[in-house]
Amino acid sequence: MSCIFLSCLLCSLQVKLKLAILSSYDDATDGLITHGWIKKVETHGCLVNFYNGVQGFACRSELGLDPGCEASSMYHAGQVVKCRVLSAVPASRRINISFLMSPTRRCCIKVG
Ligand SMILES: *[C@@H]1O[C@H](CO)[C@@H](O)[C@H](O)[C@H]1NC(C)=O
């Protein structure tokens with residue numbers, strides 16, 4: 001009984017975490033996990049949109065790509081991505097984000 005109750009609590013907590021909304025630069029606390037939409041894929045990283053015009057940048061090393069892999073082979077504009085805030089300077093409206101939730105790296109298949 002208490003077990004079920006606890007797992008329900010954890011479950012709703014997870015849902016809450018999943019729905020974390022980043023709608024101002026002041027909300028961008030280190031480690032915050034939220035969803036964003038890729039605005040632009042560049043060779044050195046991805047520009048990501050959040051709510052209210054808030055933007056963040058994930059540099060190439062934070063995309064989970066293999067060294068020889070193009071960012072554009074895994075990501076495209078409009079794609080919804082889960083991001084983790086690495087660091088933010090609200091005063092200068094800069095947010096560094098990562099697509100990696102943990103230090104373990106994903107691989108992707110090299111093309112060509
Ligand atoms: C984001 O990362 C770059 C490169 O590591 C660094 O120069 C910059 O200061 C960082 N910006 C913020 C807002 O932490």
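Here is a friendly exchange between a student and a tutor about a predicted model of a protein with a ligand.

Student: Let's start with the overall fold: what pattern does the protein follow along the sequence?

Tutor: Happy to begin there. The secondary structure comes to one helix and five strands. Read along the sequence, the pattern is α-β-β-β-β-β.

Student: Which strand is joined to strand 1 by a hairpin?

Tutor: Look at the pairing to begin with: strand 1, residues 33-42, pairs in the antiparallel sense with strand 4 over five bridges. Strand 1 also pairs in the antiparallel sense with strand 2, over five bridges. The hairpin runs through two residues, and the strand it joins to strand 1 is strand 2.

Student: Which residue is the bridge partner of Val41 in strand 2?

Tutor: A bridge on the strand 4 side makes a good warm-up: there, the partner of Gly36 is Val81. Turning to strand 2, the bridge partner of Val41 is Cys46.

Student: Cys46 sounds worth following, so to speak. Which residues is Cys46 in contact with, leaving aside its neighbours within four places in sequence?

Tutor: Cys46 is among the residues with the most contacts inside the largest nonpolar core, along with Ala28, Val48, Ala58, Ile95 and Ile97. Beyond its sequence neighbours, Cys46 is in contact with Ile38, Val41, Ala58, Leu63, Ala71 and Tyr75.

Student: Which element gives the largest share of that core?

Tutor: The core has 17 residues. Strand 2 (45-49), strand 4 and strand 5 are the elements that give two or more residues to this core. The largest share, three residues, comes from strand 4.

Student: Is Ala71 exposed, partly exposed or buried?

Tutor: Ala71 sits in the loop between strand 3 and strand 4. It touches Val41, Thr43, Cys46, Arg60, Leu63 and Leu65, not counting residues up to four places away in sequence. A buried residue needs 20 or more other C-beta atoms within 10 Å. Ala71 has 19, so it counts as partly exposed.

Student: How far apart in space are Ala71 and Gly45, C-alpha to C-alpha?

Tutor: In sequence, the two are 26 residues apart. In space, the C-alpha to C-alpha distance between Ala71 and Gly45 is 7.1 Å.

Student: What share of contacts between residues at least 6 apart in sequence join residues at least 24 apart?

Tutor: This takes us from single residues to the protein, where 20% of the 112 residues count as buried. Among contacts between residues at least 6 apart in sequence, the share joining residues at least 24 apart is 59%.

Student: Now the backbone: is Asn52 buried or exposed?

Tutor: Asn52 lies in the loop between strand 2 and strand 3 (55-59). Its phi is near 60°, a positive value in a residue other than glycine. Because Asn52 has 12 C-beta neighbours inside 10 Å, it counts as exposed.

Student: And how many C-beta neighbours does Arg93 have inside 10 Å?

Tutor: Arg93 is in the loop between strand 4 and strand 5. The phi of Arg93 is near 55°, again a positive value in a residue other than glycine. Arg93 counts as partly exposed, because its number of C-beta neighbours inside 10 Å is 13.

Student: Finally, which element gives the largest share of the shell around the ligand?

Tutor: The ligand is surrounded by Ser87, Ala88, Val89, Arg94 and Asn96. Strand 4 (80-89) and strand 5 (94-98) are the elements giving two or more residues to this shell. By class, the shell has two nonpolar, two polar and one charged residues. The largest share, three residues, comes from strand 4.

Conventions: Residues numbered from 1 in each chain as written. Predicted model: local features only at pLDDT ≥ 70, side-chain atom pairs only at ≥ 80, totals over all residues. Near = placed C-beta within 6 Å. Helix = DSSP H or I, 4+ residues; strand = E, 2+ residues; numbered from the N terminus. Nonpolar A, V, L, I, M, F, W, Y, C, P; charged D, E, K, R; others polar. Core = buried A, V, L, I, M, F, W, Y, C linked by C-beta atoms within 7 Å. Contact = placed C-beta atoms within 7 Å. Pairing = 2+ DSSP bridges.
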